[in-house]
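Q: Got a minute to go through this model with me? Let's start with the helix packing.

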Amino acid sequence: RIPVLLDGDPGHDDAMAWMLAKASPALDIRGITSVCGNQTIEKTTYNALRVMTLLGIHAPMAKGRPGPLVAEPMAAPSVHGESGLDGPALPEPDREPLSCSAAELMAKVLAESKEPVYLVPTGPLTNVASLLLSHPELKEKIGGISLMGGGISHGNWTPAAEFNILVDPEAADIVFRSGVPITMAGLDVTEKALIFPEDFERVRSVGNPVALIVAEWLAFFYRFHREKGYAGAPVHDAVAVAALVAPELFTVEEMHVDIEVAGDYTRGATVGDRYHITAAAPNARVITGVDRDGFADLLVAAVKTYGEG
Ligand code: BDR
Ligand code: CA
């Protein structure tokens with residue numbers, strides 16, 4: 001099994017990414033960390049604990065930094081609500097976070113692991129950058145980073161920038177320059193990994209308590225995105241996990257990606273050298289295509305692992 005550390009800002013799609021990770025026999029969740037992104041660190045930490053309780057994830061959990069490395073926090077209540085995870089009622093947390101920081105928990109897991117550990121960040125890259133800054137010697141213990149963030153062709157929070165990268169571009173810059181193998185599930189693929197009403201009705205009909213909540217999350221996400229003009233719900237963060245457990249569903253292009261940290265209009269952009277115009281060696285495997293039906297089937301199969309209805 002692949003050891004993984006899940007770092008996110010739940011967030012409906014973060015929660016569904018974790019649902020998929022917990023369901024997958026290919027993954028061994030060694031730790032969960034919260035990051036300030038969709039909401040304040042207090043809210044994303046509380047949501048992370050509630051989601052772990054719902055899913056029965058018993059891995060150690062630690063709270064991330066209060067905000068980005070340099071920038072001011074920037075939340076997304078228009079997408080995920082004031083709680084950061086509006087919608088169906090969730091169980092109260094069955095524990096407290098550990099007293100160490102997210103970066104310290106990641107460092108401990110990496111140091112103690114015999115095998116390389118994969119990081120799956122589905123929020124801003126603040127904690128991952130903190131880890132790389134504070135423990136550069138542990139870089140070689142990281143098997144790879146499968147992240148949701150960016151978009152080679154466009155943004156979603158500004159015309160140029162995707163939310164996770166825009167919130168903490170300085171952190172993203174550290175991660176993309178780190179030399180650790182990166183798989184980037186950005187908008188290029190996540191906006192093709194669309195979920196439609198027939199998919200969430202399949203999820204609902206599975207009937208177990210997790211399935212009923214996931215169906216509500218998908219319906220919530222679908223309503224928001226339809227109003228924005230999307231054809232379906234892009235379950236962005238779940239793609240970062242799916243890329244690890246079902247790589248055959250995706251097409252990947254290797255290229256060099258730089259993070260724009262300045263720019264009057266382009267701060268937070270992921271500038272991908274898709275046509276190898278510069279001499280810069282590829283530093284990322286950018287996912288650009290998906291077998292949409294296969295991805296939907298993977299989500300439905302995952303909810304079935306949480307029991308009979
Ligand atoms: C990303 O932004 C967040 O709102 C989602 O959880 C996802 O990680 C998509 O741009
Ligand atoms: Ca997220």
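A: Sure. Helix 4 and helix 5 pack with their axes 8 Å apart, at an angle of about 60 degrees. Keep in mind that this is a predicted model.

Q: Are helix 4 and helix 5 oblique or roughly parallel to each other?

A: Oblique. Roughly parallel would need an angle under 35 degrees, and theirs is about 60 degrees.

Q: Which hand is the crossing of helix 4 and helix 5?

A: Right-handed, as helix 4 passes helix 5.

Q: And how does helix 5 pack with helix 7?

A: Helix 5 covers residues 126-134 and helix 7 residues 169-176. Their axes are 8 Å apart and the angle is about 50 degrees. That makes this pair oblique too.

Q: What about the hand there, helix 5 passing helix 7?

A: That crossing is left-handed.

Q: Switching to the ligand. How many residues surround ligand 1, and which are the closest?

A: There are 15. The closest are G11, D13, A76, F163 and H236.

Q: Which elements give two or more residues to that shell around ligand 1?

A: Helix 1 (12-23), helix 6 (163-167) and helix 11 (236-245).

Q: How does the shell around ligand 1 divide into nonpolar, polar and charged?

A: Four nonpolar, seven polar and four charged.

Q: Back to G11. Where is it found?

A: In the loop between strand 1 (2-8) and helix 1. The peptide bond leading into G11 from P10 is cis, with omega near -10 degrees. Most peptide bonds are trans.

Q: Now backbone angles. What is phi of H276 near?

A: Near 50 degrees, so a positive value in a residue other than glycine. H276 lies in the loop between strand 11 (270-272) and strand 12 (284-290).

Q: Is H276 buried or exposed?

A: Exposed, because 12 other C-beta atoms lie within 10 Å of H276, and 12 or fewer counts as exposed.

Q: And D94, where is its place?

A: In the loop between helix 3 (77-80) and helix 4 (102-112). D94 also counts as exposed, because it has 12 C-beta neighbours inside 10 Å.

Q: How far apart are D94 and A75 in space?

A: 26 Å, C-alpha to C-alpha. In sequence they are 19 residues apart.

Q: Last one. Which residues does UniProt list for the domain?

A: Residues 4-296, in an unreviewed entry, as "Inosine/uridine-preferring nucleoside hydrolase". That span is 38% helix and 18% strand. Its end C-alpha atoms lie 22 Å apart.

How values were computed:
Residues numbered from 1 in each chain as written. Chains lettered and ligands numbered in written order. Predicted model: local features only at pLDDT ≥ 70, side-chain atom pairs only at ≥ 80, totals over all residues. Near = placed C-beta within 6 Å. Helix = DSSP H or I, 4+ residues; strand = E, 2+ residues; numbered from the N terminus. Nonpolar A, V, L, I, M, F, W, Y, C, P; charged D, E, K, R; others polar. UniProt positions renumbered as here; feature names shortened; annotations may be inferred. Buried ≥ 20, exposed ≤ 12 C-beta atoms within 10 Å, placed from the backbone. Axes fitted to C-alpha atoms, helices over the stretch in contact; angles between N-to-C directions. Parallel < 35°, antiparallel > 145°, perpendicular 65-115°, else oblique. Left-handed = near helix turned anticlockwise from the far one by under 90°.
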